[in-house]
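Here are a few exercises to work through with the model open in your viewer. Try each task before you read its solution.

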Amino acid sequence: MRKLPITVFILAALCCLACLFAACAKKADYSDFISEKRTNVYIYQDDGINIKIYCSQKEQPYAADGIKGDVSPLCEAFVSLPKTYETVLISFCGNEGEMNYQAVYRHFYLSFSAEDFKSDEISVTLTFGGESKTYTALSVKHSGVMSCEEAVKCVTEHDKELFASLSEGGVFRGEIFVRLLYDEGCYYYVGVCDQEKHITAYLLDGERGIIIATKQLQG
């Protein structure tokens, strides 16, 4: 049997090592591990009436366990009124329904499956007390506000050690929650949940990407 030159074996070994190192060096795409992504918020506030609508992609069923599940579109509507009514109906963007009153938060709530409307404003019709009125809810997300993915990138650059400790061979051993918030300006909450259900939470400026606060939580 013809023997192969020793250089062939050396080259083969080097190739195997190169492949191994490449696999180890492969970086995780953290956007693939987002299990909750709130992409838009619409708000109307006047005369004691407050309307807030969240557009999200969210894991269903939701579980803060460090493992990303199947993600589905979700729209949530919150309505606060000057007084409580027995029945409140809401209608917008082709969706309608009777809202549930949440006494703890003193507001009415309704959720359903719908994609982000990607509009600067939406018309919302409320029916209560025998009357129907239409309001214009404005999106808080103007052109200067970063995307959810950009917010996550800011956090990964801020806390490289945490993400490195949860990453191996291009796989991230955790899940990420990212929510657009509004309070006189746009902010992002980014939560990083490991498989021990421990959450490292970050609050950052929605335009500049500056980390404002960090907090340790237990899921």
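**Exercise 1.** Classify Asp 205 in this predicted model as buried or exposed, then do the same for its salt-bridge partner, Arg 208.

*Solution.*
- Step 1: Asp 205 has a relative accessibility of 13%. Buried means under 20%, so Asp 205 counts as buried.
- Step 2: Arg 208 comes out at 61% relative accessible area. The cut-off for exposed is over 50%, so Arg 208 is exposed.
- Step 3: Now join the two. The side chains of Asp 205 and Arg 208 meet in a salt bridge, at 3.3 Å from N to O.

**Exercise 2.** How many salt bridges are there, and which parts of the chain does the one between Arg 179 and Glu 36 tie together?

*Solution.*
- Step 1: The count comes to four salt bridges.
- Step 2: For Arg 179 and Glu 36, the closest N and O atoms are 3.0 Å apart. That is inside the 4 Å limit for a salt bridge.
- Step 3: Place both ends. Arg 179 is in strand 12 (residues 174-182) and Glu 36 in strand 1 (residues 34-46), so this salt bridge ties together parts 143 residues apart in sequence.
- Step 4: Check the cover. Glu 36 has a relative accessible area of 5%, so it is buried.

**Exercise 3.** Go one residue along to Lys 37 and work out where its salt-bridge partner Glu 149 lies.

*Solution.*
- Step 1: Lys 37 and Glu 149 form a salt bridge, with 2.8 Å between the closest N and O atoms.
- Step 2: Glu 149 belongs to helix 2 (residues 148-158) and Lys 37 to strand 1, so the pair links distant parts of the chain, 112 residues apart.
- Step 3: Both ends are partly exposed: Glu 149 at 35% relative accessibility and Lys 37 at 22%.

**Exercise 4.** Which residues of the largest nonpolar core touch the most other members, and which elements feed that core?

*Solution.*
- Step 1: The largest nonpolar core holds 29 residues, and Phe 172, Ile 176, Val 178 and Tyr 188 touch the most other members.
- Step 2: The elements giving two or more residues to this core are strand 1, helix 2, helix 3 (160-165), strand 12, strand 13 (186-194) and strand 14 (198-205).
- Step 3: Zoom in on Val 178. Leaving aside neighbours within four places in sequence, its contacts include Ile 34, Glu 36, Lys 37, Ala 151, Val 152 and Tyr 188.
- Step 4: Don't stop at one core. A second, separate core has 25 residues, among them Ile 49, Ile 53, Ala 77 and Val 124.

**Exercise 5.** The structure holds 13 aromatic pairs. Take Phe 33 with Phe 172, then Phe 92 with Phe 112, and sort out which ring geometry each pair has.

*Solution.*
- Step 1: For Phe 33 and Phe 172, the ring centres are 5.7 Å apart and the planes are at 65 degrees, so the pair is edge-to-face.
- Step 2: Phe 33 sits in the loop between helix 1 (6-25) and strand 1, while Phe 172 is in strand 11 (residues 171-172), 139 residues apart.
- Step 3: Phe 33 counts as buried at 17% relative accessibility, and Phe 172 does too at 3%.
- Step 4: For Phe 92 and Phe 112, the centres are 5.6 Å apart and the planes are at 45 degrees, so this pair is tilted.
- Step 5: Phe 92 lies in strand 4 (residues 89-92) and Phe 112 in strand 7 (residues 107-112), 20 residues apart. Phe 92 is buried, with a relative accessible area of 1%, and Phe 112 is buried at 17%.
- Step 6: Look for a wider network. Ring pairs link Tyr 30, Phe 33, Phe 163 and Phe 172 into a cluster.

**Exercise 6.** Find what lies over the rings of Tyr 54 and Tyr 62, then check the surroundings of Ser 56.

*Solution.*
- Step 1: Over the face of Tyr 54 you'll find Arg 38, at 3.8 Å from the ring centre.
- Step 2: Over the ring of Tyr 62 sits the charged end of Lys 58, 4.7 Å from the centre.
- Step 3: Ser 56 is in strand 2 (residues 49-59) and is buried, with a relative accessible area of 5%.
- Step 4: Beyond its neighbours within four places in sequence, Ser 56 contacts Lys 37, Arg 38, Thr 39, Ser 72, Pro 73 and Leu 74.

Key:
Residues are numbered from 1 along each chain as its sequence is written. This is a predicted model: local features need pLDDT of at least 70, side-chain atom pairs count only at pLDDT 80 or more; totals for chains, interfaces and linings use all residues. Side-chain values use heavy atoms; hydrogens and water are left out. Helices (H or I, at least four residues) and strands (E, at least two) are DSSP runs, numbered from the N terminus. Buried means under 20% relative accessible area, exposed over 50%, partly exposed in between (1.4 Å probe, protein chains only). A nonpolar core is a set of buried Ala, Val, Leu, Ile, Met, Phe, Trp, Tyr and Cys residues joined through side-chain atoms within 4.5 Å. Contact means heavy atoms within 4.5 Å. Rings of Phe, Tyr and Trp (its six-membered ring) pair if their centres lie within 6.5 Å; planes under 30 degrees apart count as stacked, over 60 as edge-to-face and the rest as tilted. A charge sits over a ring if NZ of Lys or CZ of Arg is within 6 Å of the ring centre and within 35 degrees of the ring normal.
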